[in-house]
Amino acid sequence: MSRRTMALLSQWTSRVFSVDMDGETVYFKIHDTQTGKGGKEVLRMFGNIQKGASCYSLLVSSGEKIHSARFHWKLKDKLSTALPPQCRFSPMCSFLPGVRDSLVHGYFLQAPSSDSSATTERLLRQWLRLDDPLLVCSYLHEENTPRWIQHLWNTEQNHGIVPSEAPESHPATLNLINSDVFYSFQAARDVLQKCADIIPEAASVLELLPCDGDMEARSKPDFPIIVLEGLDATGKTTLTESLRDALGATLLRSPPPCLSPWRARFDQEPPILRRAFYALGNYITAQQIYSQTSKTPVIIDRFWHSTAAYAIATAVNGPVCDLPAEGSELYRWPSDLLQPSVVFLLTLDPEERKRRLKDRGQGETKEEHELDLNQVFRLR
C-alpha cells in the first residue's frame, strides 16, 4: 500500500464525500461506528438510487499530481468501455474541509442488477490486484432500516453514513492553486517538464519559453498595454484591429500563434496539463509585449483573465454562487506576470453571439462548445 494511500486512510473518518446525483450534489461523511446517525436524511440523500441497485465508489489515491490527474482522466474511459451498459457512474470527490490540496477525485457507480453488480465487482477487484492507485468502496442499504453502510475494500472496514452540510467554499477551490490556475512561471513550467517523457510535444513547448532571468520584474513599460477580454464573437477582433490602427499600436493575441501546433494535443489532456500549457502562453505573450512597449502601445486579444476564468468556471461546476467570493486569493494576478495598463471586457446578447458563431462556421474547442450549450457555465 502506497504512502499516499495510507495517509488518506488515516484521515478517512475526517473526510467529506461529494457525489453528483442527477444534477444535485450530495455531501456525506462517515461515522466511526457501523450504525451511523441521521438515517432518514441519508435515505433522502440516496433517494435517487434505483431500488435494488448496488453502489460503489472509486477514488484515485496517487500522490503525484500529474500521475493522479492522468489516471483519473483515463479512468472515465475505462469505466465507459468496461462496465456493463446498464451501469451508471457519476463524478465524485472527497476532501478535508478547509484543507488545501486535500481534494481527491473519483466516480460513484450504480449497477442496477445482480448480473451487472457481479461484473462490476470482478472488474474493481481486478483493478485493486493490479495495484492501481484506487480506494474502492461498496455501499449497502440495510433492509427495513433507513441506514446505509460504506464498506472500504482496502481495509475491509465498515462505516455508517451520515449527511454532511455543503462546505462554505466549493471543494474544487481547495486544489485550484497551481493545478487549475497557475500563479507563477516556474509552477507552470514544472508541470510540462515533468510530463515531457510521456508527452513529446511538451519538449517543443519548453523550447519556446523565456529563460528564468527574463521573467524577473522589469521597469514600467514606456507605452500603455491594453487588454480586450470577452467570449468568442463579442467583437474583440474588430475592436482590437480598430484600436491598433487608431493608436498605431502593436496587436498581439493570447495564446500566441507559436503554440497553435500543439493546442489540439494539450486540449486532450487533463486540466493540470492543459492549464499549464495555456498559462505558459501568457508568459510568452508577456515577452512579446516587453519587446514592443518601448516603441508602441500594445493591444492584446485575451490574456491571463481568460485563462483563469475558463479554469475556475470548469473546476467549480455548480451554480454561480459556488464561485470563490470576491477578493479571494484565487483571483490574484501572478506576481511574475506583466500587468496590463487597462482591461476592457466585451459582452453581447447570447443569441446574437450564437448567430455570429454560426456564421463563422469555425471549429470549437470542447470548452467553447460547452459555453454554447450550458448557460450556467457561460454565467460562471
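Glu-201 and Arg-265 pair up in a salt bridge, with their closest N and O atoms 3.4 Å apart. Glu-201 belongs to helix H6 (residues 201–208) and Arg-265 to helix H8 (residues 260–267), so this pair ties together parts that sit 64 residues apart in sequence. Keep in mind that this is a predicted model. The salt bridge is one of eleven that the structure holds, and here is a tour of some of them, along with two helices and the chain as a whole.

**More on the Glu-201 and Arg-265 pair**

- How exposed is Glu-201? Its relative accessibility is 24%, and residues between 20% and 50% count as partly exposed, so Glu-201 goes into that middle group.
- Arg-265 ends up as partly exposed too, with a relative accessibility of 21%.

**A buried pair**

- Asp-232 and Arg-302 make another salt bridge, and here the closest N and O atoms are 3.0 Å apart.
- This pair also links distant parts of the chain, 70 residues apart. Asp-232 is in the loop between strand S9 (225–229) and H7, while Arg-302 is in the loop between strand S11 (298–301) and helix H10 (304–315).
- Are these two residues buried or exposed? Asp-232 and Arg-302 are both buried.

**A pair within one helix**

- Arg-356 and Glu-352 meet through their side chains in a salt bridge, at 3.1 Å from N to O.
- Where do they sit relative to each other? They are four residues apart in helix H11 (residues 350–360), which means about one helical turn separates them.
- Arg-356 has a relative accessible area of 30%, so it counts as partly exposed.
- Glu-352 is partly exposed as well, at 24% relative accessibility.

**A shared network**

- Which residues are joined by salt bridges with partners in common? Arg-70, Glu-201, Arg-265 and Glu-269 form one such network.

**Two helices to look at**

- Helix H7 covers residues 236–247, twelve residues in all. From first C-alpha to last, H7 reaches 16 Å, close to the 16 Å expected at 1.5 Å a residue.
- Right after H7 comes Gly-248, which takes a positive phi of about 65°.
- H10 has twelve residues as well, and it reaches 17 Å from its first C-alpha to its last, close to the expected 16 Å.
- Why is H10 described as largely enclosed by the rest of the structure? Nine of its twelve residues are buried.
- Among the buried residues of H10 are Trp-304, Tyr-310 and Ile-312, along with several alanines, including Ala-308, Ala-311 and Ala-313.

**The chain as a whole**

- The chain contains 13 helices and twelve strands.
- Its C-alpha trace spans about 75 × 45 × 35 Å along the principal axes.
- Of the 380 residues in the chain, 49% are buried.
- If you take contacts between residues at least 6 apart in sequence, 74% of them join residues at least 24 apart.
- The accessible surface comes to about 19100 Å², and carbon and sulfur atoms account for 50% of that.
- How far apart are the mean positions of the positive and negative charges? With 42 positive and 46 negative charges in the chain, those mean positions are 2 Å apart.

Definitions and conventions: Residues numbered from 1 in each chain as written. Predicted model: local features only at pLDDT ≥ 70, side-chain atom pairs only at ≥ 80, totals over all residues. Heavy atoms only, no water. Helix = DSSP H or I, 4+ residues; strand = E, 2+ residues; numbered from the N terminus. Buried < 20%, exposed > 50% of the residue type's maximum accessible area, 1.4 Å probe, protein only. Contact = heavy atoms within 4.5 Å. Areas by Shrake-Rupley, 256 points an atom, 1.4 Å probe, with all protein chains shown as cover. Lys, Arg positive; Asp, Glu negative; His and termini not counted. Charge placed at Lys NZ, Arg CZ, Asp CG, Glu CD. Expected span 1.5 Å × (residues − 1). Salt bridge = Lys/Arg side-chain N within 4 Å of Asp/Glu carboxyl O.
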